[in-house]
Amino acid sequence: MLILAAVTPLRAQQWHTTIEVTHPAELSLPLSVSEVLLVNNTVAHPDEPMGAFYTLMACSEMLEGSDYLPAVLETSQNESGSLYRRQLLSTTQADSLMSMYQSHALIVLNQLIVHPSTECYQTDEDTYYAFTQAVAATHWTLFFPNENNQLTQRTLVYADTLYWENEGESAESAVQALPSNEEAGDEMCIYAGEHFAERMLPQVEIADRYLYDLGKDDQGIEYFARRQWQQAIDVWSQPRKNKKLAAYAAANCAVVYEIIGDLGAAYAAAGQALNTFESIRSAEARQQAVNIRYYQTQLRKRMAK
């Protein structure tokens, strides 16, 4: 849906729309991987005996509905007995687990250290400020087949933090409104699992985009509103004697090309608009050239991923 935006100070009237920009996952497994086993390989934290379970289940729930089919191996494979000593799975052990559970890859949680704490102090206004902070350090290993179908691994280490705060008339009231350290620790374990899973999933961003208004007879806007992308491109690609309208039309084509996924054509059309704006001697054209350069940086970032 298009919404007519206010006229800018430099007189370029525009239409506003939004597009979904999908960013690739930070952590990606081969396309052949679907069934994934999440493995507990931790020594239980004395203050968080269920912490690893919460983390792995939260990770599994986040992956459900994606291209992955997760399962959780709750029983720890770690026999070291020391919270601070990692006992990593060997490739042979990982291959055995994959065969036993018919999985294509493993997500192994090797270590989970959680530290919640609460503090409270009196402010200059004689109120009491309290906060609870939970910090988690996690160590993971991914096991997956490479392009030669040989098992390879990748080690990952993350630190995450959650923070709660409250202010009250007394120290007791300020602290009571916060989660207990036990509750904060549980929430931190869940968040650590969710945050890891998010790194394995594409992220969708809603981005603002603007179309230049070429006038009341601009049929390109009508085609755009009806999602008739090629017809809009055809209209805006027509030669124009008016340089400003030609620049506007080229910039509009760039947005349409981006929407249909042709980022190379979008960048080229934006470059055409930029060159035309730079050939016009006016304050408005200089401002629009700045806008187009910024748009090109956004396109370059998308093209680099």
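In this short talk I will go through some side-chain contacts and one strand pairing in the structure above, which is a predicted model.

Let me begin with arginine 199, in helix α4. Arginine 199 forms a salt bridge with glutamate 26, the closest N and O atoms being 4.0 Å apart, and this pair links distant parts of the chain, since glutamate 26 lies in the loop between β2 (14-23) and β3, 173 residues away from arginine 199. The two partners differ in their surroundings: glutamate 26 counts as exposed because its relative accessibility is 54%, over the 50% cut-off, whereas arginine 199, with a relative accessible area of 10%, is buried because that value is under 20%.

Arginine 199 also forms a salt bridge with aspartate 160, where the closest N and O atoms are 3.9 Å apart. Here too distant parts of the chain are linked, with aspartate 160 in strand β7 and arginine 199 in helix α4, 39 residues apart, and in this case aspartate 160 is buried, as is arginine 199. Through shared partners, then, Glu26, Asp160 and Arg199 are joined into one network of salt bridges.

What does the charged end of arginine 199 sit over? It sits over the ring of tyrosine 158, 3.5 Å from the ring centre.

That brings me to the aromatic residues, for which the structure holds eleven pairs. In one of them, tyrosine 158 and phenylalanine 196 meet edge-to-face, at 6.0 Å centre to centre and with 70° between the planes; tyrosine 158 belongs to strand β7 (residues 151-168) and phenylalanine 196 to helix α4 (residues 181-199), 38 residues apart. Tyrosine 158 is buried, with a relative accessible area of 12%, and phenylalanine 196 is also buried, at 0%.

Another pair, tyrosine 248 with phenylalanine 277, is tilted, at 6.0 Å centre to centre and 55° between the planes. Because tyrosine 248 lies in helix α7 (residues 243-259) and phenylalanine 277 in helix α8 (residues 263-278), the pair ties together parts that are 29 residues apart in sequence.

Helix α7 also contributes glutamate 258, which forms a salt bridge with arginine 302, the closest N and O atoms being 3.0 Å apart. Arginine 302 lies in helix α9 (residues 283-304), so this contact ties together parts that are 44 residues apart in sequence. Glutamate 258 is buried, at 3% relative accessibility.

I will end with the strands. Strands β3 (residues 35-40) and β4 (residues 69-73) run parallel and are joined by five bridges, with leucine 38 standing opposite valine 72 in β4. Together with helix α1 (residues 51-63), β3 and β4 make a right-handed β-α-β unit.

Conventions. Residues numbered from 1 in each chain as written. Predicted model: local features only at pLDDT ≥ 70, side-chain atom pairs only at ≥ 80, totals over all residues. Heavy atoms only, no water. Phe/Tyr/Trp six-rings, centres within 6.5 Å; stacked < 30°, edge-to-face > 60°. Helix = DSSP H or I, 4+ residues; strand = E, 2+ residues; numbered from the N terminus. Buried < 20%, exposed > 50% of the residue type's maximum accessible area, 1.4 Å probe, protein only. Lys NZ or Arg CZ within 6 Å of the ring centre and 35° of its normal. Pairing = 2+ DSSP bridges. Right-handed = clockwise from strand over helix to strand, strands pointing away. Salt bridge = Lys/Arg side-chain N within 4 Å of Asp/Glu carboxyl O.
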